[in-house]
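Hi there,

Here is the structure I promised to pass on. Please have a look at it first, and then read my notes underneath.

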Amino acid sequence: MSSRGPMRLGKNYPHPPSQQQQPQQQQQPPSQFYQPTAPYPAANNYAGDFGMPQPQIPPSYGGDFNVPQPPPAPSHNAFFSPQTAFYAPPSQQQIPSNQAMPGMEYLSSNPLFNVGLNVVEQGMKDFTGKTVNMLPNEMKKSISSIKYYFAVDQAYVFKKLCLLLFPFRPRNWSLGYSADEPVPPRVDTNAPDYYIPLMSAITYVLVAGLVLGTQDRFTPEQLGMHASSVMVWNVIEICVLCFTFYIFNVQSKLRTLDLIAYCGYKYVGMIAALSSYLLTHSLFVYRCSLLYVSLSLSYFLVKCLRLQILPDTGGSQPYGSNGNKRRIYLLLLVVILQPFFIWYLTRHLIVD
Amino acid sequence: MGFSFYSVIEAALLCINAVAILNEQRLLSRFGESGNQYTTGYADEFHQTGGAKQQLLTLIRSVRTVMRVPLIAFNIVTILFLVLFG
């Protein structure tokens with residue numbers, strides 16, 4: 001399979017003719033929202049050659065959807081800037097199967113949030129005589145870059161979960177890019193996100209409590225202990241991996257935030273193994289499901305990270321030469337750590 | 001299992017303390033480095049082993065330089081906490 005680098009998928013999004021009807025719902029001039037055609041154009045390319053690159057249309061993404069604010073300054077003509085990638089385009093909300101996660105939007109799209117910030121700033125200015133920016137610029141930038149990872153919808157979550165549990169179908173694993181920025185996960189199934197790791201980590205804590213309850217070992221402190229140990233092991237794993245990346249001096253396209261996302265996908269496997277043990281109470285079934293989950297997660301991670309850690313030489317040089325060996329070892333380290341953690345974090349719950 | 005967040009903080013503090021009390025001269029003589037590491041130590045990523053050692057030494061030196069003063073404060077605070085609250 002040809003492992004090319006990030007594919008610059010220029011997507012020809014047809015500008016819908018009904019642009020003029022939308023401003024009646026908003027107070028802003030019509031701006032070009034991203035209107036996907038169903039099915040997604042990227043879904044038709046499966047593990048094949050991409051032919052000639054299509055011309056890229058850089059439309060200017062207008063203002064925010066709910067918040068009456070001036071349009072975000074950075075990357076004005078980017079197709080998806082981090083601040084605006086979060087909001088679902090209006091046409092998608094009419095399709096019930098593609099609704100964005102309801103809980104996530106309230107915090108950031110709430111106009112009162114910004115109003116509250118402004119009020120506090122005004123109060124501080126009156127009190128101290130000088131303006132203190134309540135959220136410094138770096139925090140705003142990191143908040144908006146984390147918002148990118150939460151731009152998911154139900155179709156993406158479903159596809160990703162199926163992919164985590166059965167990644168063996170031949171498909172295209174490369175990430176989509178638009179105007180040099182990665183496309184948000186709502187559009188591209190291959191993009192990492194934070195929603196699935198977060199929710200599956202919380203679900204793992206609850207399922208662990210359930211398993212303990214069936215064994216009459218449950219106390220409420222166990223929930224807190226499991227939650228804190230999940231966080232601690234995550235922190236340790238990320239620190240070890242970042243340290244190894246730094247020591248080996250590997251410059252890759254993989255950011256730390258992406259690595260956190262990829263390391264969080266193992267909780268899905270943990271939940272699958274634990275639920276299979278819950279249903280059958282047999283050690284054999286648990287071990288089989290552990291094995292299968294480890295295999296599928298390793299396959300998934302190798303396919304995902306191969307394009308990001310290993311350099312895209314296009315097959316011109318054999319593997320193992322130059323600095324590739326270190327990167328391969330690093331990839332192997334990431335991939336081997338995950339099944340180890342799955343086994344280690346579930347074995348104390350299994351009693352026979 | 002049974003990790004609390006405090007144990008992570010404690011472990012990190014102990015590790016950074018260990019890095020801070022290293023003796024540079026013995027370390028460098030053990031690694032076989034000499035004073036001209038800024039000129040000959042430049043290894044691009046194609047070099048197999050030199051880069052890793054260089055990165056590690058750079059990391060150790062930078063941690064020692066940065067964390068020298070805050071480490072004193074952290075240690076004092078931790079000692080007070082452990083003495084008062086056990």
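Below is what I found, starting with chain B and then turning to the nonpolar core.

First, a caution: this is a predicted model. It scores ipTM 0.75 and pTM 0.65. Chain B has an average pLDDT of 78, with 76% of its residues at 70 or above.

Chain B contains four helices and zero strands, so to speak an α-α-α-α run from the N terminus on. Among the elements of chain B, helix H1 (residues 5-20) has the highest mean pLDDT, 88, while helix H3 (residues 37-40) has the lowest, 48. Please read two stretches with care. Residues 34-41 of chain B stay under 50 in pLDDT, and the model gives them eight contacts beyond four places in sequence. Residues 43-48 of chain B are also below 50, with ten contacts beyond near neighbours in sequence.

Of the 86 residues in chain B, 17% count as buried. Its accessible surface is about 6,400 Å², and carbon and sulfur atoms hold 70% of that.

Now to the core. The largest nonpolar core has 61 residues, and the members touching the most others are A:Tyr204, A:Tyr265, A:Phe300 and A:Leu305. Several helices of chain A each supply at least two residues of this core, including helix H5 (195-214) and helix H10 (324-346). The largest share, ten residues, comes from H9(A). Leaving aside residues up to four places away in sequence, A:Tyr204 touches ten-odd neighbours worth viewing, among them A:His226, A:Tyr267, A:Met270 and A:Leu349.

Best wishes

Methods. Residues numbered from 1 in each chain as written. Chains lettered and ligands numbered in written order. Predicted model: local features only at pLDDT ≥ 70, side-chain atom pairs only at ≥ 80, totals over all residues. Heavy atoms only, no water. pLDDT = per-residue confidence, 0-100. Contact = heavy atoms within 4.5 Å. Core = buried A, V, L, I, M, F, W, Y, C linked by side-chain atoms within 4.5 Å. Buried < 20%, exposed > 50% of the residue type's maximum accessible area, 1.4 Å probe, protein only. Areas by Shrake-Rupley, 256 points an atom, 1.4 Å probe, with all protein chains shown as cover.
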